[in-house]
Structures are given as structure tokens and as C-alpha cells.
Amino acid sequence: MANVTRAELRTKAIVAHKAGRHEEALQGYTSYLRTYPDDAGVWTNLGALFRVLGQHQMGRTAQQRAFALEPDDNGVLNNYANILSDLGDYQTSIDLRKKSLTLDDSHLMHYAMIGRCLRGMGEYEAAIRYLLPMVEQYPQEPEIKLQLAFAQLGAGHYGAAFRSYEARWETEELGVPNVPFQKWEDGMEIRDKSILIMPEQGFGDMILLARFIPLLVAKGAKVRLVAKKPLIRLLKNMDGVEWVGSAAGKDDPVDMWVSLMDLPKLVFGPDEKGNVPVPTNLTIPSDSVERAKTITSKHRDMFKVGVVWSGSATYKGNTFRSFTHREFLPMANIPNVQLFSLYKGPYLDAFSKDGSAALIIDTASTDRDFADCAATMKEMDLVITSDTATAHIAGSLGVPVWVILHWDAFWVYRHAGETTQWYPCMRLFRQDKPQDWTSAFDAAHAALVKEVAAHG
């Protein structure tokens with residue numbers, strides 16, 4: 001090590017970081033900063049690495065040190081603003097982005113992220129007022145229009161929002177489906193046309209927006225639906241849908257295709273808010289029903305609560321919307337309550353290893369698909385879940401469901417209130433401040449005590 005120069009040590013860590021060798025980069029930055037703590041560039045790189053690794057608090061500390069050394073460096077300002085936005089310190093993030101723009105106004109992403117911070121604060125109309133002129137001024141940056149879409153969604157301007165959301169096709173994150181049919185465009189006639197609906201994004205998005213399919217049928221369209229396999233049995237008997245499957249063929253009787261996320265444009269005019277349709281009508285197969293009844297048969301006299309603590313581990317926002325299974329354990333102390341795990345995924349290992357499965361009965365690890373999960377939900381007196389697909393399924397089934405939300409909730413839930421018009425059977429519990437799950441769970445626990453008492 002004595003023969004390695006400062007430049008060589010620095011370069012080696014940075015090369016490992018860029019190559020995705022995160023552990024090597026972390027060790028390299030750590031070793032380097034132990035000897036050379038005056039390097040703002042390495043501190044901000046370390047902060048960016050911590051962010052990728054989900055270590056946001058340590059990332060903020062690293063960025064603070066970088067900022068103290070180089071408060072006018074645009075790279076530092078950008079990285080510091082990003083981590084503060086992640087952690088809910090929106091106003092400071094906005095201040096840093098505005099400062100960066102005074103130094104260099106070519107970083108267009110700052111405009112998008114200022115709007116995103118305003119939305120994160122629940123200031124939807126302020127975000128819209130800020131972003132609208134930026135969309136006109138910088139049409140080459142799709143992220144600005146995407147952030148406008150999310151602000152409009154939060155504000156309930158659905159007609160404008162789903163049209164702004166077309167900007168997603170301009171990003172690198174979303175590829176156009178490879179189907180040999182004409183794409184439906186806003187305003188094209190659909191009566192007597194065979195429309196192929198293609199899935200987009202997550203399972204929850206499919207359940208949420210499938211409610212628009214009957215309105216498509218009512219306009220005279222013949223509908224075929226491509227869905228991800230875990231959802232097919234729940235969706236295949238939807239009224240008016242001629243076919244549901246996991247893939248379309250080039251010889252299928254199709255006139256046009258449309259993405260699921262574009263369906264609301266068929267219902268909401270460009271300037272329309274409008275009332276949202278009723279939730280998706282789901283069908284639970286009889287074999288799933290019998291399976292669920294068998295699983296819960298020993299606890300018929302208990303108040304049965306199905307719980308979910310995480311969504312997809314691969315979703316980039318999962319760190320903030322999810323929590324651990326242990327948050328539910330105090331609820332197991334409430335007399336006459338039996339908890340059931342509806343969660344299926346990689347975090348089951350920790351659930352099994354610490355003995356929690358003795359108190360929260362695992363029902364989902366052997367689920368074949370979401371139809372099995374939905375059947376178990378129907379056997380519950382209540383479902384309590386993080387913001388994930390199970391919330392949408394329970395809401396569509398009409399099962400009483402409580403959703404535990406992080407501070408920057410999905411647009412369906414907005415940033416305030418205990419209810420959402422999208423799911424009448426749903427109750428919302430929110431963090432009092434960013435990263436504060438204790439406040440949300442304390443409120444849910446107190447509400448569950450009352451619910452069980454009222455249930456008798």
C-alpha cells in the first residue's frame with residue numbers, strides 16, 4: 001500500500017464503482033478517505049454509492065461532507081439534492097437545485113426534480129404551475145413532463161395527467177411492446193374494433209387500471225387482454241373481455257393495440273377530472289377458495305388479519321414503501337387476533353429464521369398465483385399491507401384493507417387523508433414524518449384494538 005499513489009488509489013475505487021463492483025468500490029473509498037478526507041469528489045461518489053446500496057442515511061452524511069468541502073460544485077450539489085429528496089427533505093433539496101441552476105442552467109433534470117419535490121410536499125398545484133412552463137421551454141427533457149403527469153395525478157386532473165404521461169415512451173426505461181398491430185392513438189374510433197390491451201409496469205398497476213376495460217367494452221370495442229401469468233386466473237372472466245392470456249400472436253384477430261396505462265384517456269377528456277370507475281371485478285377460482293378455507297379452518301373464531309410488509313424487492317422505490325415483518329408482531333398480542341402472512345418473496349427467510357412464523361401464520365409461500373392470495377384475503381376480517389399489489393387486490397375484492405403508507409405515497413393515495421376514491425373499502429395510515437414507521441403502526445395498532453372490540 002505504501003507504494004500506491006493517492007491518484008492510483010482514487011482511480012481504482014472509481015473504476016470499481018463505475019463497473020458496478022460495489023463492495024470493492026466501498027472498500028476503496030473507505031481506505032482512500034481514511035488518509036485523504038479532504039476530497040469532495042470521493043465523498044460525493046461514496047454518497048452516491050450508499051444511495052445505490054439503500055444506505056440513505058450514510059449517503060446523506062457523505063454528501064454533507066462533500067458539500068462542506070465544495071459547496072459550489074455542481075456534481076456535489078446534484079448528488080446532495082438527490083439524497084435529500086429521497087429522505088423527504090424537499091425544501092433543502094429545492095434550494096440546492098436552484099443554486100446549481102444559477103451556476104449552470106443546462107442541467108434540465110433539476111427543473112423536473114424541483115417539481116417532484118413540490119409534489120412530495122403534497123403541493124400538487126404549485127408543482128403544476130412550476131412545471132407547465134418548463135415543459136414548454138424544455139420539450140427535449142421527458143422527465144419534466146413525467147413529473148408534471150405525477151403532479152396532475154395527485155391533484156386529480158386525470159385527463160391532463162394521462163396525456164402528460166405519454167412522455168414515458170420517450171425515456172430509456174420503457175420499451176414499446178413488440179406487436180405487429182397498429183397502436184391506438186388518442187381520438188381514434190374503437191367501435192367494432194378488436195383492441196389488444198398490453199400490460200405495463202407492476203401487478204398493482206394492472207389491477208388498478210383494469211377497471212377501465214369495461215368502459216372500453218361499453219364503447220363498442222372487442223377486447224383481448226395480455227396479462228402477466230400470476231394475474232391471469234383473477235382476470236380471465238372479466239365482463240366483456242373475449243380473451244385473456246400471457247402473450248399475443250401475430251395472427252390474432254386484432255385491429256389495434258393499446259397500453260393499459262393509456263386506457264384512462266378513453267374515458268377522461270383532456271381537461272377532465274371526472275369520477276373514477278368502480279374497482280376491477282376479480283374472479284377467484286373454486287379450487288383457490290377451497291384451499292384458503294382449509295388454511296384458515298383452525299382459526300374461524302379468531303379475528304383474522306392478513307399482513308404484507310413488502311412489495312417487489314426489485315422495484316427501485318421499495319426501500320421506502322416497505323418495512324419489516326416485525327412491525328406487525330405487537331398486533332399478535334391483541335386478544336383474539338390471529339395474523340396470517342400474505343407475503344411471498346425474498347424477505348420470507350428473515351421471517352422464518354427469527355421465529356415470527358409461529359405468531360404470523362404463513363399462507364402465501366405456497367401460493368400458485370394471485371388468485372390463491374385473493375382467496376385467502378376473502379377469508380380475512382381485515383388485510384393490513386404496505387403499498388403493493390395486495391392493497392389493490394384487496395381493494396378490488398371489497399375486503400376491508402388498511403394500507404400503511406410512507407410519507408411520499410403513490411398518487412392514488414395522495415399525501416393526506418384516510419381514504420381514497422379509488423378503493424372505497426380502504427383506510428390509509430401514514431407516517432407522521434419521513435422514515436417514521438412507528439407513528440403509522442401505533443395508529444394502526446390502536447385502530448385494530450377498537451376494530452376487534454367492535455367485532456365482538
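What percentage of the 456 residues of the chain count as buried? In this predicted model, the share that counts as buried is 53% of the 456 residues.

**The chain as a whole**

The secondary structure of the chain consists of 19 helices and 11 strands. Its radius of gyration is 24 Å, which is close to the 23 Å that the globule rule gives for 456 residues, and the chain is therefore as compact as a globular protein of that length. Taken along the principal axes, the box that the C-alpha atoms fill has dimensions of roughly 70 × 55 × 40 Å. If one considers the contacts in the chain with a separation of 6 or more, 63% of them are made by residues that stand 24 or more positions apart.

On the outside, the chain exposes about 20,600 Å², and 51% of this area is supplied by carbon and sulfur atoms. As for charge, the chain carries 49 positive and 55 negative side chains, with the centres of the two sets 3 Å apart.

**Aromatic rings**

A pair of aromatic rings is described by the distance of the centres and the angle of the planes. A search of the whole structure finds 23 aromatic pairs, and two of them are set out here.

| Pair | Centre to centre | Angle between planes | Kind |
|---|---|---|---|
| Tyrosine 32 and tyrosine 36 | 5.0 Å | 45° | tilted |
| Tyrosine 158 and tryptophan 422 | 5.5 Å | 90° | edge-to-face |

In the tilted pair, tyrosine 32 counts as buried, because its relative accessibility of 1% is under the 20% cut-off, whereas tyrosine 36, with a relative accessible area of 22%, is partly exposed.

Why does the pair of tyrosine 158 and tryptophan 422 tie together parts that are apart in sequence? Tyrosine 158 belongs to helix H10 (residues 158-164), while tryptophan 422 lies in the loop between strand E10 (401-405) and strand E11 (426-430), so the pair links parts that are 264 residues apart in sequence. Tyrosine 158 counts as buried at 6% relative accessibility, and tryptophan 422 also counts as buried, at 1%.

These two residues are also members of one aromatic cluster, which is formed by Tyr158, Phe162, Phe212, Phe268, Phe410, Trp411, Tyr413 and Trp422.

Terms used: Residues are numbered from 1 along each chain as its sequence is written. This is a predicted model: local features need pLDDT of at least 70, side-chain atom pairs count only at pLDDT 80 or more; totals for chains, interfaces and linings use all residues. Side-chain values use heavy atoms; hydrogens and water are left out. Helices (H or I, at least four residues) and strands (E, at least two) are DSSP runs, numbered from the N terminus. The radius of gyration is taken over C-alpha atoms; the globule rule is 2.2 Å times the number of residues to the power 0.38. Buried means under 20% relative accessible area, exposed over 50%, partly exposed in between (1.4 Å probe, protein chains only). Contact means heavy atoms within 4.5 Å. Accessible areas come from the Shrake-Rupley method with a 1.4 Å probe; for residues, only the protein chains shown count as cover. Lys and Arg count as positive and Asp and Glu as negative; His and the chain ends are not counted. The place of a charge is taken as NZ of Lys, CZ of Arg, CG of Asp or CD of Glu. Rings of Phe, Tyr and Trp (its six-membered ring) pair if their centres lie within 6.5 Å; planes under 30 degrees apart count as stacked, over 60 as edge-to-face and the rest as tilted.
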